[in-house]
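Subject: Structure handover

Hello,

Here is the structure I promised to pass on. Please open it first, then read my notes below.

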Amino acid sequence: MDPKISESIDKLRSEKRIIANKLIEFSNRFKNSIAKIEKKFEDTFESYEKKLNEIEDEMERKHNEMVAKYDTKIEYIEINVEGIKEVLKVNTDDLSKLETESGYISDKMRVIDCKLEDIEKKIEASENVVKQLQLELLKKTSVIKQCRFDRYGYCKEGDTCKYFHAHKICSEYIEQGVCIKMECRNRHPRQCRYFQQSKCYRGEECKYLHDKRRLDKACHNCKQANLNKYYCEFCNKNFCSKCTIKEAHEKNIYDSANPSACCSSIHI
């Protein structure tokens, strides 16, 4: 066999062994990373589950206390009613008065029944809140794919969506107009097209972005879109931060004590 061919084959075999060793090393690192993620997930889930159990125990305790309190009042009223009946048997002359008191007690009992119904409604509402917290906990502690509809605007599924919904807009996206983060989980909504036409009736509840700065034109000098603009009152034009002089952002150029101020005092 040609020595060059033999040498090439040996070189390829050596590279193959190196690649195989790297693959084994990468596989071991990947398994270790997966194990750490699973451990962190289990610890977080146990912590939130413990908090939910504490909330449920506290709600059950308050419910039992309120029920016991009203049961005591009802027993007291029933005892009074029985006492009134005994008095009726003995004092027939006070029958009309006792009937009035009996009606008053019946009204009180109806009020108590209404309060008990309100308490049951509050308990039901509290149970719904717990269910909602459990759903939010599941979304927070699970690795769920982000909903692209909610990320860029509006998701019609709302809270029932099985994908992750962020609760705030990316600050970098708001300030700079673009987000360069690799795995940003915040919202990056598109500009509301109805807001651009000044006729969005949803107002602050609109899921799309309402940013007046994005309605402005690009820099008059470099023609680049930039959220950080400086408006020149001498020529009535917008200039980006790169095309404006530093002193224009630090001093009052329009001060009457500076009669020589002009466009060159603000932008290039």
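A helix here is a DSSP run of H or I with at least four residues, and helices are numbered from the N terminus. By that rule, F41 and F45 both sit in helix α1. They are four residues apart, about one turn of the helix. More on that pair below. One caution before the rest: this is a predicted model.

**Overall layout**

The chain has 268 residues, and 19% of them count as buried. It contains six helices and two strands. Along the sequence, the order is α-α-α-α-α-β-β-α. Helix α1 spans residues 3-90. The chain exposes about 21,400 Å². Carbon and sulfur atoms supply 53% of that area. Take the contacts in the chain with a separation of 6 or more: residues 24 or more positions apart account for 39% of them.

**Nonpolar cores**

In soluble globular proteins, nonpolar side chains tend to be buried together. Which residues make the largest nonpolar core in this chain? There are ten: C219, Y230, C232, F239, C240, C243, A248, I253, A261 and I266. Strands β1 (229-232) and β2 (237-240) are the elements that give two or more residues to this core. Look at A248 as one member. Leaving out residues up to four places away in sequence, A248 touches Y230, I253, S265 and I266. Another core lies apart from this one. That core has six residues, among them Y70, I84, I105 and I119.

**Aromatic pairs**

A pair of aromatic rings is described by the distance of the centres and the angle of the planes. The structure holds two such pairs. F26 and F30 form a stacked pair, 6.5 Å centre to centre, with 25 degrees between the planes. Why are F26 and F30 separated by about one helical turn? Because they are four residues apart in helix α1. F26 has a relative accessible area of 57%, so it is exposed. F30 is at 49%, so it counts as partly exposed.

F41 and F45 form a stacked pair too. Their centres are 6.0 Å apart, and the planes differ by 25 degrees. F41 counts as partly exposed because its relative accessibility is 35%. F45 is partly exposed as well, at 32%.

**A surface patch**

F26 and F30 turn up again here. Together with I34 and I37, they make a nonpolar surface patch of about 420 Å². I34 is in helix α1. Its relative accessible area is 33%, so I34 is partly exposed. Residues in a patch need over 30% relative accessible area, and I34 has 33%.

**Salt bridges**

Side chains of opposite charge can pair when their charged atoms come close. How many salt bridges does the structure hold? The count is six. Three of them are described here.

- R29 with E25: the closest N and O atoms are 2.7 Å apart. Both residues lie in helix α1, four residues apart, about one turn of the helix. R29 is exposed, at 55% relative accessible area. E25 is partly exposed, at 40%.
- E58 with R61: the closest N and O atoms are 2.4 Å apart. The two are three residues apart in helix α1, so about one helical turn separates them. E58 is partly exposed, with a relative accessible area of 33%. R61 is partly exposed, at 39%.
- D150 with R187: the closest N and O atoms are 3.7 Å apart. This pair links distant parts of the chain, 37 residues apart. D150 is in helix α3, while R187 is in the loop between α4 (171-176) and α5 (193-196).

Are D150 and R187 buried or exposed? Both are buried. For D150, the relative accessible area is 5%, so it counts as buried. Helix α3, where D150 sits, covers residues 148-152. Not counting residues up to four places away in sequence, D150 touches C155, H165, A166 and R187.

**Where to look**

Start with the F26 and F30 stack in helix α1. Then go to the D150 and R187 salt bridge. Finish at the ten-residue core that includes Y230 and A248.

Best wishes

How values were computed: Residues numbered from 1 in each chain as written. Predicted model: local features only at pLDDT ≥ 70, side-chain atom pairs only at ≥ 80, totals over all residues. Heavy atoms only, no water. Patch = residues over 30% accessible without salt bridge, like charges linked within 9 Å, V, L, I, M, F, W, Y side chains within 5 Å. Areas by Shrake-Rupley, 256 points an atom, 1.4 Å probe, with all protein chains shown as cover. Salt bridge = Lys/Arg side-chain N within 4 Å of Asp/Glu carboxyl O. Buried < 20%, exposed > 50% of the residue type's maximum accessible area, 1.4 Å probe, protein only. Contact = heavy atoms within 4.5 Å. Core = buried A, V, L, I, M, F, W, Y, C linked by side-chain atoms within 4.5 Å. Phe/Tyr/Trp six-rings, centres within 6.5 Å; stacked < 30°, edge-to-face > 60°.
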